[in-house]
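Please examine the structure shown below together with its sequence. The paragraphs that follow lead through it step by step.

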Amino acid sequence: MAVKKELKLLGFFDKFFGMLNSWFRLWPFIKPYKWQVVLALLLGFFYAQLTLVFPMLAQMLISALNFMGEMVKSGAEIGSSQPQPVNLTTLMGFKADHWLVEWLGRNPTFFLSDLSVTPENLVRYVAFAFPVYFLVYGIIRFFHFFLIKYIGEKIISDIRLSLMNKFMDLDVMYLGRQKKGSGGLLSRTLNDTIVLQNGLEYYGDLLREPIIGLFLIVWLFVINWKLALGCFLFLPLIAGVIRYVSKSLKKFGHQSQEALEEVTKTLKEGLDGVRVIQSFNLQSQMKSRFSTQVLNYLGRRKDIIIREEAGSPINEWIVSFLACGICLFQIEQIAIGESTLPSFLGFIFTAGLLDKPVKKTQQAIIRIQQNIVATERLQEVLDSETEVSEPAQPKPFPSNWSEIQFNQVNFSYNQDPVLRNINLKIKKGEVIALVGESGSGKSTLAGLLQRFFDPQSGQILIGETNLQQMQTNELRKQIGYVTQDVFLFDETIENNIRFGNLDRDVNDVKDAAKMANASPFIEQLSEGFQSNVGERGGRLSGGEKQRISIARAVFKDPPILILDEATSALDSASELEVQKGIETLLKGRTALVIAHRLSTIKNSDRIIVMKKGEIVEEGKHDELIKRDGEYARFYNLQYIQ
């Protein structure tokens, strides 16, 4: 038994500290609005106090009307010229031997002790007090809930901005480490923040409703302390229901959010890959997969809803026994003259008002368990550290560099080695081509040069400066990047080109497009450079998108250029047009060209042949053909085909 009690106590503290920890994790986002939060809490405190005024006014009104009824029965005239004032405690329905009446009698300086009023005047006062009360109550209630909800919206907006900023700053390897990819991160940014936003409002309930409940409980003890004390015998049962529901909800809440991540991931894959899905007739498979995941999520939500909605009816059923006991007890007390009808009605009315704060507190405790799960999941992302760290004292990009050096560079994805002891020197102004089978490490080498990730050992130098001693944004300003899978923003052609260098004059956009051989097709569009390219450039052909990408690189005007299979996905006609733009782009730049089509790199200054993460051959096209090695094998395969 002792062990069980200790476990229950530990469970309570675990839940309490879980909520406290969740609040502290959110504190950096709450801190900018701390004074608004304080104001909201103060208004909530006054709102809680005003809640007690209503049952007091109601009891005054019931008692005064009851007293007037007794006066009529006794033959007294209501509204006579000489009305008899009655002590206010009597008009509240308290008997002469009530402890409050006795206490007031012992404290004559207390203003209620000698305050008296006629029953009919009290009815008038209370009648006029109701509009005033509800005006003040409504104003305070409005500003309290407005601040709670609006501050919650601002906090969630800040969290979403922080998540977006985090995603943009994390290295590109981070997404690859996520089991559920960008869909999972999208779910956390949208769905988990909604759960968190709802939870913030429940924190307000958890701070406000217990105070309201406490005031009402105090008033119950004032009316009838014996009955109020008896009511508390039911609290352990109610607390037990809340404890069971909240404990299971945390577990199911985590499962629910994980299931929703799967749904979001599949939905994103379906939208991004709709052409491939339809091309391979995979619609039924995707529908089946999505349906299974939705049903799984629905099952988790069902478990949560059952527990959320079962708590209140069970507690209400328990409270019905309490109401039954109150009625039976009051009948006995009224029968023996220890209670009055007004005090009985006042007790019932106040106990009825207590139902709302109890339910809201219960619901807040339950919902905050889901909030804790969402906070933990979001914090996992916000606490993630990038593997590409910024130097404490960064060095500037060298202005008079003469070469790029890869010295004993090794790199692995997880435990799988991708690059082994890479030693390579690229002179300034030299065009270097990288060739090799898929998976040989070509794109990884290019990624290391841009610091998308850092090598596990070895170093990469530009001039005498190690890349890891430079700020990544300063390094990347000096590198132009053109890939096979072109990404264009859902913007105009002009803006997509300008994104290469937002500091340059917009008038240079047309010159960049002309140099990239993109002007002919742009000028034929009805809106020209103001034409919107659609999502990921969906309104343009592959060749047109690639030429916009090249124009963006031209507009950036970087000294170093990386072309990652820039023409491999194009037909011959499009490749010819794009190649013209590439030739213009390469002039006067240091370039790293990754290509499968060897015909496009014949004129490179040097060709580097890679195999299984190592450099196996190096030289010009003619030299490598004469060696009859790995490069010659690639070339002959393409030539024969």
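The model considered here is a predicted one. A suitable place to begin is the end of a sheet, where strand β11, covering residues 606–611, pairs with β12 in the antiparallel sense. Five bridges hold this pairing. Within it, Met610 of β11 has Ile615 of β12 standing opposite.

These two strands belong to a larger arrangement. The sheet is open and contains six strands, in the order β8-β9-β10-β5-β11-β12, and its pairing is mixed. Strands β8 (479–483) and β12 (614–619) stand at the edges; each has a single partner strand, and therefore one side of each is left without a neighbour in the sheet. On average, neighbouring strands of this sheet are turned by 20° against each other, direction ignored. In general, the strands of a sheet pair through backbone hydrogen bonds, and they may do so in a parallel or an antiparallel manner.

The other end of the strand order shows parallel pairing. Strands β8 and β9 run parallel and are joined by five bridges. Here Thr483 stands opposite Asp564 in β9. On to the next strand, β9 and β10 also run parallel, again with five bridges between them. One pair of bridge partners is Ile562 and Leu592, the latter in β10.

Is strand β9 enclosed or open to its surroundings? Five of its five residues are buried, so β9 is largely enclosed by the rest of the structure. Its residues point in two directions: Ile560, Ile562 and Asp564 go one way, Leu561 and Leu563 go the other way, and all are buried.

Helices lie across this sheet. Helix α13, residues 442–449, lies across β5 (431–436), β8, β9 (560–564), β10 (590–594) and β11. The angle at which α13 runs to β10 is about 150°. Helix α18, residues 542–556, lies across β8 and β9, and runs at about 175° to β8. In addition, Arg504 lies over the face of the Phe555 ring, at 4.6 Å from the ring centre.

After helix α13 comes a residue with a notable backbone angle. Arg451 is found in the loop between α13 and β6 (457–462). Its phi is near 60°, a positive value in a residue other than glycine. Arg451 has a relative accessibility of 1%, and because buried means under 20%, it counts as buried. A second residue of this kind is Gln408, whose phi is near 50°, likewise positive in a residue other than glycine. Gln408 lies in strand β3, residues 403–413. With a relative accessible area of 41%, Gln408 is partly exposed.

The next topic is the nonpolar interior. How many residues does the largest nonpolar core have? It has 54, and those with the most contacts inside it are Ile155, Ile159 and Phe347. The elements giving two or more residues to this core are α1 (2–30), α2 (34–73), α5, α7 (181–223), α8 (225–231) and α12 (341–382). Helix α5 supplies the largest share, namely 15 residues. A second core, separate from this one, has 40 residues and includes Ile493, Ile550, Val609 and Tyr631.

Aromatic rings form a further part of the picture. The count of aromatic pairs comes to 18. One of them is the pair of Phe146 and Tyr150, whose ring centres are 5.7 Å apart and whose planes differ by 10°, which makes the pair stacked. Why are these two residues separated by about one helical turn? They are four residues apart in helix α5, residues 119–169, and this spacing corresponds to about one turn. Phe146 is partly exposed, at 42% relative accessibility. Tyr150 is also partly exposed, with a relative accessible area of 42%.

Another pair has a steeper angle between its planes. The rings of Phe397 and Trp401 have their centres 6.5 Å apart and their planes at 80°, and so the pair is edge-to-face. Both Phe397 and Trp401 are buried. Finally, ring pairs join several aromatic residues into a cluster: Tyr47, Phe54, Phe130, Tyr133, Phe134, Tyr137 and Phe145.

Notes: Residues are numbered from 1 along each chain as its sequence is written. This is a predicted model: local features need pLDDT of at least 70, side-chain atom pairs count only at pLDDT 80 or more; totals for chains, interfaces and linings use all residues. Side-chain values use heavy atoms; hydrogens and water are left out. Two strands pair if DSSP finds at least two bridges between them. Axes are lines fitted to C-alpha atoms, for helices over the stretch in contact, and angles run from 0 to 180 degrees between N-to-C directions. Contact means heavy atoms within 4.5 Å. Rings of Phe, Tyr and Trp (its six-membered ring) pair if their centres lie within 6.5 Å; planes under 30 degrees apart count as stacked, over 60 as edge-to-face and the rest as tilted. Buried means under 20% relative accessible area, exposed over 50%, partly exposed in between (1.4 Å probe, protein chains only). A charge sits over a ring if NZ of Lys or CZ of Arg is within 6 Å of the ring centre and within 35 degrees of the ring normal. A nonpolar core is a set of buried Ala, Val, Leu, Ile, Met, Phe, Trp, Tyr and Cys residues joined through side-chain atoms within 4.5 Å.
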